Amino acid sequence: ERDGALLHHPTGSGKSLSAIVWSLLTPGPVVFVTRAAARVQMAREVVKFSHTIEPYVCKPAAEVRKRDKFKSLAQYVEYCAQNGKRPYIIVGWEALPDYIDQILAHVTPKSVIFDESHKGKGHKRWQTVPADQPLPTGGFKKTQNDGTEIAFAPVPNIATAAARVSRAAARRLATTATPVKNRVDDLWAQLDLIEPGAWGTRLQFVQRYCDAKTNLYGGLDTSGLSNVEELLERLGHVVHRVGYNVTHA
């Protein structure tokens with residue numbers, strides 16, 4: 001019943017089935033973000049487990065075939081509206097930046113699933129641009145303590161696109177077998193996708209939970225760990241973990 005959750009389940013434990021069932025709990029359009037190589041297979045899984053859903057797989061025009069029922073997302077959404085169907089859009093992580101505008105222009109997702117959520121662990125979503133020039137779409141300005149302005153524009157990458165679809169949805173689920181490959185810093189972007197804004201900015205997160213400090217080269221060292229008990233308590237409310245010892249028993 002939670003609006004945001006991270007399933008930390010090992011490979012072969014049924015993450016896809018869990019995500020599909022979760023997406024069907026509440027009426028409304030669904031956006032399913034997964035690995036590009038798994039898009040078609042995931043569409044088959046949705047059909048298999050739901051019996052009534054006709055998913056749409058976002059793919060380049062060069063991959064559209066004559067036998068495909070829908071030639072475009074617009075045609076698919078129109079078909080769903082005319083036949084009382086639930087839009088169920090499946091898109092690859094790598095292609096999400098190319099399709100995000102089109103997806104949000106046609107549907108307001110009720111639920112979004114970030115399969116293999118470690119693919120979206122990138123945290124760079126903004127870049128500085130000249131403040132004296134027109135702001136790009138989605139950009140904003142910030143006034144510093146000395147009165148000067150800094151302008152920011154969204155970076156056209158996977159992290160920004162994922163954040164946009166996350167904030168457009170009402171329910172969010174992330175699934176992964178390896179949420180942290182290198183350091184706790186990897187968690188922030190995934191947690192921000194399932195609970196937008198609840199974990200603060202990336203800088204605030206690493207300062208509180210990664211013992212962030214300036215390194216010898218003037219950069220930020222985020223390889224540490226701090227406030228562990230608090231972090232684990234907070235994660236206990238949003239992370240559902242299943243160990244290998246359970247699934248392999």
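## Salt bridges between helices and along the chain

In this predicted model, R167 is partly exposed, with a relative accessible area of 42%, and its side chain forms a salt bridge with D192, the closest N and O atoms being 2.7 Å apart. The pair links distant parts of the chain, since R167 belongs to helix α5 and D192 to helix α6 (residues 187-194), 25 residues apart. The partner D192 is buried, its relative accessible area being 2%, so this salt bridge joins a buried acid to a partly exposed base.

Helix α5 (residues 158-168) also contributes R164, whose side chain meets that of D101 in a salt bridge of 2.8 Å, N to O. Because R164 lies in α5 and D101 in helix α4 (residues 96-106), this pair ties together parts that are 63 residues apart in sequence. R164 is itself partly exposed, with a relative accessible area of 36%.

The structure holds 11 salt bridges. Another of them brings together the side chains of D68 and K59, at 2.9 Å from N to O; here D68 is buried, with a relative accessible area of 17%, whereas K59, at 23% relative accessibility, counts as partly exposed.

## Helix α6 and its surroundings

The helix that carries D192 is largely enclosed by the rest of the structure, because eight of the eight residues of α6 are buried. These buried residues are L187, W188, A189, Q190, L191, D192, L193 and I194, a list in which the salt-bridged D192 appears alongside residues such as W188 and L191.

The elements against which the buried residues of α6 pack are β1 (4-8), β5, α5, β9, α7 (202-209) and α8 (228-238). Helix α5 is thus linked to α6 both by this packing and by the salt bridge between R167 and D192.

## How the helices pack in pairs

Two of the elements that pack against α6, namely α7 and α8, also meet each other, their axes coming within 9 Å and crossing at roughly 125°. That angle makes α7 oblique to α8. The contact is made by F205, R208 and Y209 on the side of α7, and by E230, L231 and R234 on the side of α8.

Helix α4, which holds D101, is paired with helix α3 (residues 73-83): the two axes come within 10 Å and cross at roughly 20°. The helices α3 and α4 are therefore roughly parallel to each other, and α3 passes α4 in a right-handed crossing. On α3 the contact is made by L73, A74 and V77, and on α4 by Q102, I103 and H106.

## The buried side of helix α1

In helix α1 (residues 15-23), the buried residues are K15, A19, I20, W22 and S23. They cover an arc of only 160° around the axis, which puts them on the same side of α1. An α-helix has 3.6 residues a turn, so residues three or four places apart point the same way.

What covers the buried residues of α1 includes the strands β2 (30-34), β4 (88-92), β5 (111-115) and β9 (171-176), together with helix α2 (39-50). Strands β5 and β9 are also among the elements against which the buried residues of α6 pack.

## Loop residues: P29, H51 and E116

P29 is found in the loop between α1 and β2. Leaving aside its neighbours within four places in sequence, P29 is in contact with R86, P87, V107, T108, P109, K110 and S111. P29 and C80 are 51 residues apart in sequence, and their C-alpha atoms lie 10.0 Å apart in space.

Two further loop residues have a positive phi although neither is a glycine. H51, in the loop between α2 and β3 (56-57), has a phi of about 70°, and at 67% relative accessibility it counts as exposed. E116, in the loop between β5 and β6 (126-129), has a phi near 55°, but E116 is buried, with a relative accessible area of 17%.

Note on methods
Residues numbered from 1 in each chain as written. Predicted model: local features only at pLDDT ≥ 70, side-chain atom pairs only at ≥ 80, totals over all residues. Heavy atoms only, no water. Buried < 20%, exposed > 50% of the residue type's maximum accessible area, 1.4 Å probe, protein only. Helix = DSSP H or I, 4+ residues; strand = E, 2+ residues; numbered from the N terminus. Arc of directions from axis to C-beta. Contact = heavy atoms within 4.5 Å. Salt bridge = Lys/Arg side-chain N within 4 Å of Asp/Glu carboxyl O. Axes fitted to C-alpha atoms, helices over the stretch in contact; angles between N-to-C directions. Parallel < 35°, antiparallel > 145°, perpendicular 65-115°, else oblique. Left-handed = near helix turned anticlockwise from the far one by under 90°.
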